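This report goes through one structure for a reader who has not met it before. Please look over the sequence and the model before reading on.

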Number of protein chains: 2
Amino acid sequence: MTTIKEESSNKAFGGWQKVYSHDSKELGCHMKFGVFIPPQADSEQVPVVYWLSGLCCTEQNFITKSGSQQHAAKHGLLVVAPDTSPRGCNIEGEEDSWDFGTGAGFYVDATEEKWKTNYRMYSYVTKELPAVIAANFKVDSDKAGIMGHSMGGHGALICAFKNPGQYKSVSAFAPICNPVNCPWGVKAFTGYLGADNKDAWKTYDACDLAKNYNGPPLEVMVDQGKADNFLTQGQLLPDNLVAACANGGVPIVMRMDEDYDHSYYFISSFIGDHFDHHAKFLKD
Amino acid sequence: MTTIKEESSNKAFGGWQKVYSHDSKELGCHMKFGVFIPPQADSEQVPVVYWLSGLCCTEQNFITKSGSQQHAAKHGLLVVAPDTSPRGCNIEGEEDSWDFGTGAGFYVDATEEKWKTNYRMYSYVTKELPAVIAANFKVDSDKAGIMGHSMGGHGALICAFKNPGQYKSVSAFAPICNPVNCPWGVKAFTGYLGADNKDAWKTYDACDLAKNYNGPPLEVMVDQGKADNFLTQGQLLPDNLVAACANGGVPIVMRMDEDYDHSYYFISSFIGDHFDHHAKFLKD
C-alpha cells in the first residue's frame, strides 16, 4: 500500500485541511493532494468528494481560494483535491505550454509514446487515488461524489459518466463540456491521444458520454458565468452538454450566472450550492 | 481629489470584488487596495470596514483567501483592504527583511530620516484612504469599522484606540498586542521611530493605548489560535492586551482557539463571527 506523507496541516472550521504527498504508480512521480477532514470523521465513516482543478492549478488553488471547508464541515464530507498533472517527469516539451503538459493533464490516460508512461491522470483519479484515500482515511468509499472547474469540470463529468455507479453525485463549474470541439481539447487530445485517434477522443468527451450514458440515475449540476472570457472564446460549450444530456436522458441543471467570470471568486460564490447538491446524494 | 484606477473586477456573492490603484500623497508612491462592494451599495449608502493585513501581505491575500465576501454581502458592508507598506520607493535596505520595510509598514508614521517621507501607513490608513473611499464609493463614512491580522491586528487596534469615535467597531485576528515588548515590534519601532524614542513607541502600542483609552464605548473582539507559532515565540502577547483593557475599562472578548494556527485557514474559520461583531455596531 502506498505510503502517504503529511506535508501540511491546518485547523479549519473544526476540521483539518491537510496536504499529503505520495509516490504515484500510475504517474511514475511524486504527487501532492489536499484532503479536508471534516470534524465528523472523528467518530464515523464519512462520504468523500473529489475536486478536480483547472489548467495551471496545483493542489493549492482550491484549498486556499474556494472557501470549501465551511461547507464540507457542515455536511461532514471529506474532500480530496489532487494536482492537475504529473510533475517533474523530464519529458521534453512538458513545460512549453500552459495548456498542455505540466498543469494540464486533462484527466486522460495518454496513448502517445512520449506521454503514455506518466500522463495517466484518468486512472490516477478514478483508481489509484480512491484506493489511497480508502486505505488512509475514515471514509465510506461507496459514497463518493466528484466536482471540478474548467479542465477539472471536464474531468469530473467524464469520470462520472465513464464509471456508472462509482460516483453518486457530480457537478462542475465552467467545465470544458465538449473538448473534441474546442481549441484546448483538440490540442490536448491531439498531444496525448494522437491526431488521428478520434475514436479515443470520444471516450473522453463529456458530450459523447452523456449522449450514450447508461447507468444509475445521475443528476448533473453546472454553474457557468456569463462573463467568462473562455465561454465567449468557445472553449466551454455548455449548450452542447445540455443538448447531449437531453439526448441521453441525463437530468442536468445548467445555471448561467450573470456577470460572473472564470475565477475562484465565481467558484466561491456558488460552492455552497454544489456541496448541498452532493450532500443530497451522499448523505441519504 | 485623488484619481483611482480600476485594476481588476470580479463578481462575487452578488457584489463586486475590485482592486484599485492610486497615487498616494502620504506615501509618495503608487498604491493598490481591494474594495468589496456589496450588492446593497447599488441602492443605499453602506457602512465601511477596513481590513489591515499582516507581514509580507499585499492587498491580495485577504481578498483571495479569507472568504470575507459572503459575510460582507450578507451584512451589506463595503470592505477596504489596503497594501501593507509603500512599494518601490527605492529606499536603501527596504527589501532586506521580511519583517521590516516593504510589506511591513507596521501602520506607523516613521520619524527616522530614511523612512519618514514614505513610511506613513498610519496617516494613509486613518486619513488619506478614508477620504479616497468617501469620494469614490457610496459609503456612510460615519459608520466605519476596522479589523486586521497579526501586524494588521496591531494596526486595527491602534487606529481604533487613537481615534475615538472614528471607528465604531474593532476586531483582530492574532494581533501583535504589545509591540514595544516583542521582537517584531522592537525591530520595527527602532527602525521607523528611533531606538531612543520610547515615548513615540508607546503612542503606537495597543496595550498602552488601551490602558489610557478615553472615548466612546468600544468593544474589542479578538481571536487567537492556541497552536500559533508566533504566540509561543512571544510576538503576540494577548494576555497583556487583556490586562491593559481591564485596566482601561475597555471591554474585550479574547477567544483562544484550540488547534488553530496563524494562517488564513484560521482567519476564514472565524471571519464570519467578526463580520457579525462589526455589523452589530455599524448597522444599528
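Does B:K18 count as buried, partly exposed or exposed, and what is its relative accessibility? B:K18 counts as buried, because its relative accessibility is 13%. The model in which this residue sits is a predicted one.

## A strand-to-strand pair in chain B

B:K18 takes part in a salt bridge with B:E6, and the closest N and O atoms of the two are 3.1 Å apart. The two residues come from distant parts of the chain: B:E6 belongs to strand β1 of chain B and B:K18 to strand β2 of chain B, with their positions twelve residues apart in sequence. The partners do not fall in one class of accessibility. B:E6 has a relative accessibility of 43% and therefore counts as partly exposed, whereas B:K18, at 13%, counts as buried.

Such pairs have a general basis. Side chains of opposite charge can pair when their charged atoms come close.

## Other salt bridges within the chains

Over all chains, the count comes to 30 salt bridges. One of them joins the side chains of A:D109 and A:R120, at 3.8 Å from N to O. Both residues lie in the loop between β5 (78–82) and α3 (121–136) of chain A, so the pair ties together parts that are eleven residues apart in sequence. A:D109 has a relative accessible area of 11%, which means that this residue is buried. A:R120 counts as partly exposed, at 24% relative accessibility.

In chain B, the side chains of B:R120 and B:E26 meet in a salt bridge of 2.9 Å, N to O. B:R120 lies in the loop between β5 (78–82) and α3 (121–136) of chain B, and B:E26 in the loop between β2 and β3 (29–37) of chain B, so this pair ties together parts that are 94 residues apart in sequence. B:R120 is partly exposed, with a relative accessible area of 25%. In chain A, salt bridges that share partners join A:E26, A:D109 and A:R120 into one network.

## How the two chains are related

A turn of 180° with a shift of 0.0 Å along the axis lays chain B on chain A, with an RMSD of 0.0 Å. That is the relation of a two-fold axis. Which residue of chain B comes closest to the rotation axis? The residue is B:K65, whose C-alpha is at 2.6 Å from the axis.

## Where the chains meet

The contact between the chains involves 22 residues of chain B and 22 residues of chain A. In chain B, the residues that lose the most area to chain A are B:K11, B:F13 and B:Y265, which together account for 36% of what that side buries. Why can the copies be said to meet through the same surface? The reason is that 100% of the interface residues of chain B are also interface residues in chain A. The area buried between chain B and chain A is about 1800 Å², and carbon and sulfur atoms give 51% of this area.

Between chain B and chain A the count is two salt bridges. The side chains of B:K11 and A:D259 meet in a salt bridge, at 3.7 Å from N to O. There are also eight residue pairs in polar contact between the chains, with both residues at pLDDT 80 or more. On the side of chain B that touches chain A, at least two residues each are supplied by β1 (5–12), β2 (15–24), α1 (60–65), α2 (69–75) and α10 (264–282) of chain B. The residues of this side divide into seven nonpolar, ten polar and five charged.

## Two buried residues

B:I4 lies in the segment before β1 of chain B. At 18% relative accessibility, B:I4 counts as buried, because the cut-off for that class is under 20%. Not counting residues up to four places away in sequence, B:I4 touches B:Y20, B:S21, B:H22, B:F33, B:V132, B:N136 and B:F137. B:I4 and B:H274 are 270 residues apart in sequence, and their C-alpha atoms are 29 Å apart in space.

A:N178 is found in the loop between β7 (169–173) and α5 (183–193) of chain A. This residue counts as buried, at 5% relative accessibility. Leaving aside neighbours within four places in sequence, A:N178 is in contact with A:D205, A:C207, A:L236, A:L237 and A:N240.

Technical notes: Residues are numbered from 1 along each chain as its sequence is written. Chains are lettered from A and ligands numbered from 1 in the order in which they are written. This is a predicted model: local features need pLDDT of at least 70, side-chain atom pairs count only at pLDDT 80 or more; totals for chains, interfaces and linings use all residues. Side-chain values use heavy atoms; hydrogens and water are left out. Copies are superposed by least squares on the C-alpha atoms of residues with pLDDT of at least 70 in both. Contact means heavy atoms within 4.5 Å. Buried area is the accessible area (1.4 Å probe) that two parts lose on being put together, summed over both. A salt bridge is a side-chain nitrogen of Lys or Arg within 4 Å of a carboxyl oxygen of Asp or Glu. A polar contact is a pair of N or O atoms within 3.5 Å; within protein, one must be able to donate a hydrogen and the other to accept it, and residues adjacent in sequence count only if both atoms are side-chain atoms. Helices (H or I, at least four residues) and strands (E, at least two) are DSSP runs, numbered from the N terminus. Ala, Val, Leu, Ile, Met, Phe, Trp, Tyr, Cys and Pro count as nonpolar, Asp, Glu, Lys and Arg as charged, and the others, Gly among them, as polar. Buried means under 20% relative accessible area, exposed over 50%, partly exposed in between (1.4 Å probe, protein chains only).
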